[in-house]
Amino acid sequence: MKITVKLIGPFIQVFGFSEKDLDVPEGTTADDLIGLVSVDRARPKIVTRNGRAVVPGEALADGDRVVISPIYSGG
Amino acid sequence: MNGWTGYILRVNLTAKTFKKEPFSDEFARKWIGGRGFAVKILYDELAPGIDPLGPDNKFIVALGPIAGIPAPNTGKAVVAGKSPSTGGYGDGNLGTRVAEQLRKAGYDALIVEGRAAGPTMLVIDDDKVEFLPADAVWGKGTYETNDWIYAQYGKGVGVLNIGQAGENLVRYAVVRSLEGRAGGRTGMGAVMGSKLLKAVVVKGTKTIPQADPAGMKKVGYDDLREVHQIDKKAGWSIQSTNGVLAWCNEVAALPVRNFRKTHHPDAWKCDGERLNNARIATYGCPNCTMRCGITIHDEEGRESELDYENVGLLGPNLEIFDLPAIGSLNYLCDDYGIDTMSGGCVLSFYADAIDRGAVPGDYKFGDAAASKLLLGAIARREGEIGNILAEGSMRAAHKFGHGSIDYAMQVKGLEVAAYNCKFIPGMALAFGVSPIGAHHKESWVITFELKQSVRESYGPEKAQKVIDLQRIRGGLFEYIVSCRFPWIEVGWSLENYPKYFKLVSGLDWTLDDFWTISDRIYSMIKLFWLREYPQADRRMDYPPAVWFDPTNVDTEGPIAGKHLEYDKYDGLLQHYYDLRGYDRRGIPTKATLERLGVAEEGRAAEKFGKLS
């Protein structure tokens with residue numbers, strides 16, 4: 001299935017891309033996806049799927065847009 | 001008195017007099033400084049009902065026990081007075097050398113009273129105070145005024161100044177400092193203007209009293225280095241605050257078209273990545289470890305310093321996505337001394353009101369050229385529209401009528417910051433109960449709402465989180481007077497602040513002690529409002545009606561079909577009041593005031609409004 005991944009803020013510099021489409025196997029979860037794009041698991045982050053925060057272990061679906069962002073706190 | 005200079009400088013512009021007034025240990029420990037000093041002084045000294053733009057109002061600059069001392073991000077000052085935009089207590093903070101210079105001159109606060117006979121620059125040089133003419137820069141912008149001051153005193157002095165907006169009493173005029181800093185969006189620039197006070201210049205040479213100066217110096221410099229390293233590793237300042245724009249766009253929280261839309265396909269054109277790419281320089285406040293002021297060339301080739309709030313509200317909110325054009329609007333606001341947030345909201349409200357037939361006009365969303373002209377008309381109060389819009393969106397809506405107050409994006413008269421709460425109940429509450437009107441500096445709860453709670457929830461966990469953040473952001477950082485960014489953006493531990501406080505004052509306090517101070521100050525601000533608006537009720541703490549409007553819902557995206565609901569919001573508000581110990585109007589009960597050590601101030605307020 002096709003998933004779009006978008007990184008936000010300094011993650012773009014750290015992980016080398018801003019937005020890309022990935023072909024992933026059925027059943028891939030948001031956690032799996034974070035591993036696939038090499039984002040440091042230990043780093044605090046907020047992950048949204050189609051604009052809503054993901055639940056750990058939540059499976060993705062074809063056409064999903066996953067956004068991985070550092071924790072912003074409103075300045 | 002270690003930690004404080006022990007003195008306040010009181011200046012009267014009418015009589016051209018000044019007085020160095022000592023304050024007690026008890027006053028210092030009860031109110032700490034910054035916002036704490038400001039609200040206590042204004043509560044004690046202002047008669048309720050005075051005109052905020054008249055000579056009876058007072059302009060206060062207040063510092064805290066760590067302000068100006070080398071340590072992470074301590075180059076900040078609080079400016080305060082009765083707000084021309086809300087009629088309640090108003091304040092704001094800004095990065096400025098005044099933080100260090102006023103303390104070195106021997107004062108923890110400055111109170112400016114009366115009204116000068118002509119345009120005046122107040123110059124404070126240790127124990128000397130001069131009232132100098134400022135006719136040469138009256139009518140000039142803040143950049144030219146700043147240069148005029150630097151040419152006379154050098155760049156090392158502390159400066160506060162205003163532009164044409166402050167002079168012409170635009171109700172959301174700010175105070176400006178350095179080349180890119182602004183504060184006091186509750187109209188503190190207009191309070192200065194009403195006193196014909198064009199600028200304050202401060203030089204100091206004294207030593208700030210500290211309990212352990214050697215210890216503070218070592219810890220302060222070590223921590224300056226460490227926070228800088230943390231930021232470098234985290235990369236926060238690559239995009240600075242504007243990093244959040246792309247995220248807001250993804251989660252349907254971006255203000256677009258006067259907040260009617262929550263996201264836009266062109267938002268990427270002005271996001272943090274684009275801002276970083278366009279960067280020509282980076283600026284920060286004194287003692288900054290993680291400079292956030294990214295400048296770009298605007299359409300006219302000038303250097304304009306941008307952050308998220310001004311990009312969000314002068315950009316997507318006006319359906320302008322071109323960074324140089326947004327830079328031009330931002331530059332004009334900064335030069336005129338107009339608050340960029342309120343300025344953006346006022347323009348978007350005007351375009352929306354025309355769209356909906358509430359008022360005739362040609363101004364349209366997306367028109368950067370017309371926006372530039374309008375900002376000039378506002379700053380100079382030119383023509384009928386310039387004059388109406390200079391009053392802010394709430395008063396403009398009352399003038400336009402036709403229900404336009406529903407989409408004037410303000411709370412209590414202060415325009416909302418750049419977070420679209422069409423379906424973010426906790427952040428809507430944070431705007432609603434902010435003690436100075438809809439400001440994001442008090443409590444920013446969106447990440448918590450999306451990550452650790454459920455967006456749909458109106459539960460007490462959100463009200464508690466709003467209070468927790470108010471205690472830190474609107475409390476601690478506003479009275480100890482320091483920038484919150486090291487804590488909030490790169491995780492610098494809050495426990496560092498009692499540590500700094502102990503090194504300067506010798507007092508061994510815990511964070512819980514500080515939260516009591518925060519709650520005391522919030523209660524005092526509430527009492528200030530009670531005296532001004534004794535008949536007001538909980539509806540004063542409601543956010544703009546358009547967020548509750550079922551006809552205004554998104555038709556696609558993450559919150560399609562969703563909007564805030566009145567009964568649920570009211571329940572959330574009640575959770576907040578219950579947790580705070582406030583009554584059903586949102587006023588602290590007598591028991592709460594007693595617990596916080598302000599029963600006497602409560603009794604004084606009872607002459608004007610009832611307490612329960």
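Reader: What percentage of the 612 residues of chain B count as buried?

Author: In this predicted model, 61% of the 612 residues of chain B count as buried. A residue earns that label if 20 or more other C-beta atoms lie within 10 Å of its own.

Reader: Which residues of strand β3 of chain B point one way, and which the other?

Author: From β3(B), residues 59-62, B:F59 and B:V61 point one way, while B:I60 and B:A62 point the other way. All four of these residues are buried.

Reader: How is pairing between strands to be read in general?

Author: Strands of a sheet pair through backbone hydrogen bonds, in either a parallel or an antiparallel sense. In the present case, β3(B) pairs with strand β6 of chain B, residues 109-113, in the antiparallel sense over four bridges. Within that pairing, B:F59 has B:V112 as its bridge partner. Strand β4 of chain B, residues 76-82, also runs antiparallel to β3(B), and three bridges join the two. Here B:I60 stands opposite B:A80.

Reader: Which strands stand at the edges of the sheet β13-β14-β15 of chain B, and why is one side of each left without a neighbour?

Author: This is an open sheet of three strands with antiparallel pairing. Strands β13 (281-283) and β15 (303-306) of chain B stand at the edges; each has a single partner strand, so one side of each has no neighbour in the sheet. From one strand to the next, the twist averages 35 degrees.

Reader: How many bridges join β14 and β15 of chain B, and what packs on the sheet?

Author: Strand β14, residues 293-297, and β15 of chain B pair over four bridges in the antiparallel sense. B:T295 stands opposite B:E305 in this pairing. Helix α12 of chain B, residues 323-336, packs on the sheet and touches both β14 and β15 of chain B. The direction of α12(B) makes about 90 degrees with that of β15(B).

Reader: In what order do the five strands of the sheet in chain A lie?

Author: The order is β2-β1-β5-β3-β4, an open sheet with mixed pairing. Its edge strands are β2 (19-23) and β4 (52-53) of chain A, each of which pairs on one side only. Strand β1 of chain A, residues 2-7, pairs with β2(A) in the antiparallel sense over five bridges. The bridge partner of A:K2 in β2(A) is A:D23.

Reader: How many helices and strands does chain B have, and why is the chain described as compact?

Author: Chain B has 25 helices and 17 strands. Its radius of gyration is 22 Å, close to the 25 Å that the globule rule gives for 612 residues, so chain B is as compact as a globular protein of that length.

Notes
Residues are numbered from 1 along each chain as its sequence is written. Chains are lettered from A and ligands numbered from 1 in the order in which they are written. This is a predicted model: local features need pLDDT of at least 70, side-chain atom pairs count only at pLDDT 80 or more; totals for chains, interfaces and linings use all residues. Two strands pair if DSSP finds at least two bridges between them. Axes are lines fitted to C-alpha atoms, for helices over the stretch in contact, and angles run from 0 to 180 degrees between N-to-C directions. Two residues are in contact if their C-beta atoms, placed from the backbone, lie within 7 Å. A residue is buried if 20 or more other C-beta atoms lie within 10 Å of its own, exposed if 12 or fewer, and partly exposed in between; C-beta atoms are placed from the backbone. The radius of gyration is taken over C-alpha atoms; the globule rule is 2.2 Å times the number of residues to the power 0.38.
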